[in-house]
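Reader: I have a model to look at and some terms to learn. Please take me through both.

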Amino acid sequence: MALLSLATYSFGQTGKKKTNPVKKASPATASAADIEAGKALIQKADCMTCHKLDIKLVGPAFMQVAAKYPANDANYASLAARIIAGGSGVWGQIPMAPHATLSPADAKKMAKYILSLK
Ligand code: HEC
């Protein structure tokens with residue numbers, strides 16, 4: 001985590017200053033950087049053995065998840081908790097395995113990526 005925040009810090013310092021930020025109408029606070037990080041985290045983890053973007057596999061398609069939950073902070077938090085704890089009964093009886101070693105911050109980035117797939 002220390003490394004990650006260091007990297008974020010230095011990017012923030014050396015990155016080009018945005019002179020003309022585009023404000024999104026959406027109340028969601030997912031930055032493009034969070035979404036990209038979430039995508040990379042999902043590709044590194046085991047998620048894609050059970051999930052596909054557009055078709056149901058063992059778990060729901062990530063696009064189905066995105067269609068079900070609006071992209072907002074409450075849903076980022078609840079899906080992040082779900083990714084860490086696992087569970088069943090929302091999409092069917094097959095359980096999702098817990099991911100106890102994921103940090104809440106990383107799980108939240110994953111949720112931001114998933115809910116960006118609209
Ligand atoms: C062993 C298979 C498996 C793996 C690995 C897996 N999932 Fe799932 N996932 C499922 C199943 C099955 C469900 C549906 C659970 C249910 O019905 O409540 C699910 C549900 C979800 C949901 C929706 C939860 C809800 O409350 O609607 C999200 C988001 C999700 N998974 C993300 C992930 C992410 C991110 C990873 C990787 C860190 C991951 N999953 C890894 C099987 C898996």
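Author: Start with a term: a polar contact is a pair of N or O atoms within 3.5 Å; within protein, one must be able to donate a hydrogen and the other to accept it, and residues adjacent in sequence count only if both atoms are side-chain atoms. This is a predicted model, where local features need pLDDT of at least 70, side-chain atom pairs count only at pLDDT 80 or more, and totals for chains, interfaces and linings use all residues. Residues are numbered from 1 along each chain as its sequence is written, and side-chain values use heavy atoms, without hydrogens and water.

Reader: What makes the pair between Arg-82 and the ligand a polar contact?

Author: A side-chain N or O atom of Arg-82 is 2.6 Å from an oxygen atom of the ligand. The limit is 3.5 Å, so the pair counts. A polar backbone atom of Trp-91 is 2.5 Å from a ligand oxygen. For a backbone N or O atom of Gly-89, the distance is 3.2 Å.

Reader: How many helices does the chain have?

Author: Five, with zero strands. Helices are DSSP runs of H or I, at least four residues, numbered from the N terminus; strands are runs of E, at least two.

Reader: How do you know that the span of H5 agrees with its 12 residues?

Author: The expected span is 1.5 Å times one less than the number of residues. For H5, residues 104–115, that gives 16 Å; the end C-alpha atoms are 16 Å apart, so the two agree.

Reader: Why is H5 called largely enclosed?

Author: Buried means under 20% relative accessible area (exposed is over 50%, partly exposed in between; 1.4 Å probe, protein chains only). Nine of the 12 residues of H5 are buried, so the rest of the structure largely encloses it. Among them are Tyr-113 and Leu-115. In the chain of 118 residues, 29% count as buried.
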